[in-house]
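Visitor: I have a protein model open on my screen, and I would like to learn how to read it. Could you take me through it one feature at a time?

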Amino acid sequence: GAHQDEFGGCLTQDPTVFVPNLWHDDVMVVLPNSPFAYRTCWSTPQHDWDKTQVYNNTIYTASKKAVVEITCDRKKITLPKFKEEGNEPGSQWFPDYPDNTQLVDSIYQLLGNWAQ
């Protein structure tokens with residue numbers, strides 16, 4: 001069965017029932033220039049959680065060498081391939097960092113007056 005430390009989400013008291021939290025609209029800037037272990041698959045035979053619970057995330061990495069990977073059944077799959085299968089709609093991977101102006105602007109948009 002699923003264990004809470006293996007997945008991003010919540011478990012009920014029944015260890016066979018997994019109900020993941022929503023994970024969406026996040027921006028991640030990954031610093032190491034090596035493959036990025038982004039997350040594990042969340043879907044089960046009964047639910048397509050990867051199509052409904054995780055979406056619209058943006059991931060920036062240093063280069064194409066720092067590919068974004070999802071682990072499904074102990075096999076690694078790249079985010080672009082995962083998306084081709086209909087998973088994680090709206091999420092994007094950019095193999096280059098945003099410029100400083102874009103990064104600062106996004107911080108101000110997120111935090112508003114708190115960032116000043």
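Guide: We will go from the overall layout to the sheets, then to the surface, and finally to some single residues. Please keep in mind throughout that this is a predicted model.

Visitor: How many helices and strands does the protein have, and what pattern do they follow along the sequence?

Guide: A good way to begin is to list the elements and then read them in order. Here the protein has 3 helices and 10 strands, and along the sequence they follow the pattern β-β-β-β-β-α-β-β-β-β-α-β-α.

Visitor: Once I have found the strands, which of them form an open sheet with mixed pairing?

Guide: To read a sheet, one asks which strands pair and in what order they lie. In this model the strands β5, β8 and β9 form an open sheet in the order β5-β8-β9, and the pairing in it is mixed. Its edge strands, which pair on one side only, are β5 (36-40) and β9 (75-78), and the twist from one strand to the next averages 40 degrees. Looking closer, you can follow β8, residues 68-72, as it pairs with β9 in the antiparallel sense over 4 bridges, with Glu69 standing opposite Thr78 in β9.

Visitor: And in which order do the strands of the open sheet with parallel pairing lie?

Guide: That open sheet is also built of 3 strands, and their order is β4-β7-β10. At its edges are β4 (27-29) and β10 (92-94), each of which pairs on one side only, while neighbouring strands are turned by 15 degrees against each other on average, if direction is ignored. Between β7, residues 58-60, and β10, which run parallel, there are 3 bridges, and Tyr60 is found opposite Phe94 in β10.

Visitor: Turning to the surface, which residues make the nonpolar patch?

Guide: For a patch, one looks for the residues that make it and then for the elements that they come from. The patch in this model covers about 960 Å² and is made by Val27, Val29, Leu31, Tyr97, Leu103, Ile107, Leu110, Leu111 and Trp114. Two elements, β4 and α3 (100-111), give two or more residues to it, and α3 gives the most, with 4 residues.

Visitor: Is Leu110 buried or exposed?

Guide: The way to decide is to compare its relative accessibility with a cut-off, and a residue counts as exposed when the value is over 50%. Leu110, which is found in helix α3, has a relative accessibility of 70% and therefore counts as exposed.

Visitor: What share of the residues is buried?

Guide: A residue is called buried when its relative accessible area is under 20%. Of the 116 residues in the protein, 29% are buried. One of them is Thr61, in the loop between β7 and β8, which is buried because its relative accessible area is 0%. A polar atom of the Thr61 side chain lies 3.4 Å from the backbone oxygen of Ala66.

Visitor: Where is Gln53 found, and which side chain does its own side chain contact?

Guide: With a single residue, it helps to place it among the elements, then to check its exposure, and then to look for its contacts. Gln53 is in the loop between α1 (49-52) and β6 (54-55), and with a relative accessible area of 13% it is buried. Its side chain makes a polar contact of 3.3 Å with the side chain of Thr52.

Definitions and conventions. Residues numbered from 1 in each chain as written. Predicted model: local features only at pLDDT ≥ 70, side-chain atom pairs only at ≥ 80, totals over all residues. Heavy atoms only, no water. Pairing = 2+ DSSP bridges. Axes fitted to C-alpha atoms, helices over the stretch in contact; angles between N-to-C directions. Patch = residues over 30% accessible without salt bridge, like charges linked within 9 Å, V, L, I, M, F, W, Y side chains within 5 Å. Areas by Shrake-Rupley, 256 points an atom, 1.4 Å probe, with all protein chains shown as cover. Salt bridge = Lys/Arg side-chain N within 4 Å of Asp/Glu carboxyl O. Buried < 20%, exposed > 50% of the residue type's maximum accessible area, 1.4 Å probe, protein only. Polar contact = N/O pair within 3.5 Å; in protein donor to acceptor, adjacent residues only side chain to side chain.
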